[in-house]
Amino acid sequence: MLPFIEVNQVSFHYPESSEDQNAVQEIHLNIESGEFLSIIGANSSGKSTLGRLMNALYIPQKGTVKVNGMLTSDLTCTIPIRKSVQMVFQNPDNQIVATTVEEEIAFGPENLQLSSGEIRQRVNESLKLVDLESYRLYPPHLLSGGQKQLLAIASVLAMKPDCIIFDEPTSLLDPVNRRMVIKKIQELDKIGITILYITHRMDEVLLSKRSVVMNEGKIVYDGKPTDLFALDQEKLISFHLYPPDLIKTIEALKKKGIPFPTPITHAKELADYLCQLI
């Protein structure tokens, strides 16, 4: 069975850059249907560019990208690819076009020229999935930042996508709204939607079952998030990733002679492990 998304030796540079200044270089990546993959990297590492290449917003200058066997470079496939692979961006205000919550969610299905009954059903289902049912008549500008991001998610859910690419969806949110959005993304994973989660935050890679690290346009790591956390700090810093406090604490304890036979990725795990040693 073919992968859901196939990225084969892809390179891409922006028009204002020279051909030897690729945003992504020689990328090879396969993503299976139903997978939850995180793509992590520093600013300008190429992670957001890669996301846009996977839903035909950008077309590679070298190599190929296929979605469900459809080439993104085939213009006759652009609409079905973008229906199948939807994106939620960093700033929800950039995606909102309507004057009420329910009108915003209905916007995409209306452009598909669906029946009014089908549109109404999709709006209701999407509102329920993101817990915004009581806000259906609200103007979007009255929502919190987290609620706006949930509205953006509801709008793409109404298109019935196979895959959602989240491009740093929590970077503009406070901790409370961030947790709210992350919880919903985890729920979408449970219902089988393929999720590509782009982030620069080390702690957020633990949401996924597989992580890809990008550095200077190349994939430098592809594996389990727990194994990524097990790398030493110097290695992570070479990828321009800055370890969270948990990893710094574990590294300091290792220098004091405390062994860590298995990766620890949560504060509770660390506390439980240290209690066992007492």
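In the predicted model, helix α9 (residues 245-255) and helix α10 (residues 267-277) approach each other, with axes that come within 10 Å and cross at roughly 25 degrees. Angles under 35 degrees count as roughly parallel, and α9 and α10 are therefore roughly parallel to each other. The crossing in which α9 passes α10 is left-handed. On the side of α9, the contact is made by L246, T249, I250 and L253, and on the side of α10 by A267, L270 and L274. Sorted by class, this contact of α9 with α10 has six nonpolar residues, one polar residue and no charged residues.

The model also contains an open sheet of six strands, which follow one another in the order β6-β7-β8-β3-β9-β10. The pairing within this sheet is mixed. Strands β6 and β10 (218-223) stand at the edges; each has a single partner strand, so one side of each is left without a neighbour in the sheet. On average, and with direction ignored, neighbouring strands of this sheet are turned by 20 degrees against each other.

Within the six-stranded sheet, strand β7 (residues 163-167) is mostly covered, as five of its five residues are buried. The burial applies to both faces of β7: C163, I165 and D167 lie on one side, I164 and F166 lie on the other, and all are buried. Strand β6 (residues 85-88) is joined to β7 by four bridges, and the two strands run parallel. Two residues of this pairing can be followed by their partners: Q86 has I164 of β7 as its bridge partner, while V88 is paired with F166 of β7. Strand β7 is also joined to strand β8 (residues 194-199), here by five bridges and again with the strands running parallel. In that pairing, I164 stands opposite I195 of β8. Residue I164 thus appears in the pairing with β6, opposite Q86, and in the pairing with β8, opposite I195.

Q86 itself belongs to strand β6. Its relative accessible area is 13%. Because buried means under 20% relative accessible area, Q86 is buried. Leaving aside residues up to four places away in sequence, Q86 touches V156, M159, P161, C163, I164 and I165. Among these contacts, C163, I164 and I165 are buried residues of β7.

Two helices are placed against the six-stranded sheet. Helix α5 (residues 145-157) lies across β6 and β7, and runs at about 170 degrees to β6. Helix α6 (residues 175-190) packs on the sheet and touches β3 (36-40), β7 and β8. The direction of α6 makes about 150 degrees with that of β8.

Further along the sheet is strand β9 (residues 210-215). Six of the six residues of β9 are buried, so this strand is largely enclosed by the rest of the structure. R210, V212 and M214 point one way from β9, S211, V213 and N215 point the other way, and all are buried. Strand β9 pairs with β3 in the parallel sense over four bridges, and in this pairing S38 stands opposite S211 of β9. With β10, by contrast, β9 pairs in the antiparallel sense, over five bridges. One of the residue pairs here is formed by N215 and its bridge partner in β10, K218. Strands β9 and β10 form a hairpin with two residues between them. In the turn of this hairpin, E216 has a positive phi of about 55 degrees.

A further open sheet has four strands, in the order β2-β1-β4-β5, and its pairing is antiparallel. The edge positions are taken by β2 (24-31) and β5 (70-71), each with a single partner strand, so one side of each is left without a neighbour in the sheet. Strand β1 (residues 5-12) is joined to strand β4 (residues 62-67) by five bridges, and these strands run antiparallel. In this pairing, the bridge partner of E6 is K66 of β4.

Notes
Residues numbered from 1 in each chain as written. Predicted model: local features only at pLDDT ≥ 70, side-chain atom pairs only at ≥ 80, totals over all residues. Heavy atoms only, no water. Axes fitted to C-alpha atoms, helices over the stretch in contact; angles between N-to-C directions. Parallel < 35°, antiparallel > 145°, perpendicular 65-115°, else oblique. Left-handed = near helix turned anticlockwise from the far one by under 90°. Contact = heavy atoms within 4.5 Å. Nonpolar A, V, L, I, M, F, W, Y, C, P; charged D, E, K, R; others polar. Buried < 20%, exposed > 50% of the residue type's maximum accessible area, 1.4 Å probe, protein only. Pairing = 2+ DSSP bridges.
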